[in-house]
Amino acid sequence: MLSDTQMLYGFCAGIGLVAAAILYWLICLGVKNIKKWFSRKSDGLQNAQLPLHVRRWVGHVEKHLRRRQSRLKVGVYVGLVGVAAIMGATVGMVLLHNLLAAVMITVLSFVIPEQFLLYFLQVRRNKKFDQLVEACPMFAGELDRVTVTKALGNTGRNIPDPVGRIFRQAERDLIAGHDPEKVFGQNMMRALDFTYGRLFVSLLYDCYYNSALAPMFVDLGVEMEKKRQRLHENTAKLFTERMISVVLILMFIPAYLVASTLVPTTWEFLTTTLRGKLCVCFYLFSIMVGPVVDYATIRRLEV
């Protein structure tokens, strides 16, 4: 007869094999076919056959993904989160026999994807900010000898994308005769969607009509450089702290393996006794605290 621990290991191995098989199947489908399938599912989520409250929720999800600048279609996001929530609830109820743990795992299936979306959004903004810090003194130097339009193009050709592309596009729009208020106030303001980016665009719009404001870009560049130094220091500190917390959380797995080897009834303790179930809940709660703390910290690191 197999012990409960061996049965647990076999169950986990089976889940891993199934997940690997599904991943392999998705890869074999091809990216093009996957996109078409999810596109049809995304359109289906908007049809009138769905209940009104479901359509409203899907609309909120779509707006949320748009704010996070995610390329995920709403069907993909809802499908992945839905599957994760169902699997989490199943693990909590069937495997752990713990209703509170099932609820917490289900919540994590929503919290963790949101954390990834927020993290990738912040990475993109920080990349734009770093490039804008480099572009600001270069742009100020160009303004000493050419117009704002030409300075945008010259700077954009010497700065990597995406900021370089934003500058070059602004030059093309201005040369084509587009309304400067639309070029600066809508296009560039939307592309440089962070505090210093909007400040740069506002100053750029004023400078377009008043060249005497050009020296202000030098001061803005100095201020942004100081902000970048503090940002990199705080980001490195946050990364170190999160890595330590992740390592501590993952230590639960080897700790459980050691405990189950020494005490074969460890699994029964965690799944059948009140104290064991509370231990599992406290462990899940510690996982939930990380994203919440990260969210508050990342908000303070915004540029």
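Buried means under 20% relative accessible area, exposed means over 50%, and partly exposed is anything in between, worked out with a 1.4 Å probe and protein chains only. What you are looking at is a predicted model, where local features need pLDDT of at least 70 and side-chain atom pairs count only at pLDDT 80 or more, while totals for chains, interfaces and linings use all residues. Residues are numbered from 1 along each chain as its sequence is written, and side-chain values use heavy atoms, with hydrogens and water left out.

**View A. Two tyrosines pair up within helix H9.** Helices here are DSSP runs of H or I with at least four residues, numbered from the N terminus. Rings of Phe, Tyr and Trp (its six-membered ring) pair if their centres lie within 6.5 Å; planes under 30 degrees apart count as stacked, over 60 as edge-to-face and the rest as tilted. By that rule the count comes to 13 aromatic pairs. One of them brings together Tyr205 and Tyr209, with ring centres 5.4 Å apart and planes at 75°, so this pair is edge-to-face. Both tyrosines sit in H9, four residues apart, or about one turn of the helix. Is Tyr205 buried, partly exposed or exposed? Its relative accessibility is 28%, so Tyr205 counts as partly exposed. Tyr209, at 53%, counts as exposed.

**View B. Phe200 and Phe217 meet ring to ring.** A pair of aromatic rings is described by the distance of the centres and the angle of the planes. There are 13 aromatic pairs to choose from, and in this one the centres of Phe200 and Phe217 are 5.3 Å apart with the planes at 65°, so it is edge-to-face. The pair links distant parts of the chain: Phe200 belongs to helix H9 (residues 195-209) and Phe217 to helix H10 (residues 216-250), 17 residues apart. Both Phe200 and Phe217 are buried. Ring pairs also tie these two into a cluster with Phe139 and Phe167.

**View C. Arg125 reaches Asp193 through a salt bridge.** A salt bridge is a side-chain nitrogen of Lys or Arg within 4 Å of a carboxyl oxygen of Asp or Glu. Searching the whole structure turns up eight salt bridges. Here the side chains of Arg125 and Asp193 meet at 3.6 Å, N to O. This pair links distant parts of the chain, with Arg125 in helix H5 and Asp193 in the loop between helix H8 (180-191) and H9, 68 residues apart. Arg125 has a relative accessible area of 18%, so it is buried. Asp193 is buried too, at 11%. A network of salt bridges links Arg125, Lys128 and Asp193.

**View D. Arg228 has salt bridges with Glu134 and Glu225.** The side chains of Arg228 and Glu134 meet at 2.9 Å, N to O. That pair links distant parts of the chain: Arg228 is in helix H10 and Glu134 in helix H5, 94 residues apart. With Glu225, the closest N and O atoms are 2.7 Å from each other. Arg228 and Glu225 share helix H10, three residues apart, about one turn of the helix. At 12% relative accessibility, Arg228 counts as buried. Glu134 is partly exposed at 40%, and Glu225 is partly exposed at 28%.

**View E. Glu171 sits buried in its helix.** You can find Glu171 in helix H7 (residues 163-175). Its relative accessibility is 7%, so Glu171 counts as buried. What joins the side chains of Glu171 and Arg157? They share a polar contact of 3.3 Å. (A polar contact is a pair of N or O atoms within 3.5 Å; within protein, one must be able to donate a hydrogen and the other to accept it, and residues adjacent in sequence count only if both atoms are side-chain atoms.) Contact in general means heavy atoms within 4.5 Å. Setting aside neighbours within four places in sequence, Glu171 is in contact with Thr149, Lys150, Leu152, Gly153 and Arg157.

**View F. Helices H4 and H5 both contribute to a nonpolar surface patch.** Helix H4 (74-95) and helix H5 (99-143) each supply at least two of its residues, and H5 gives the largest share, four residues. Val107 is found in H5 and, at 32% relative accessibility, counts as partly exposed.
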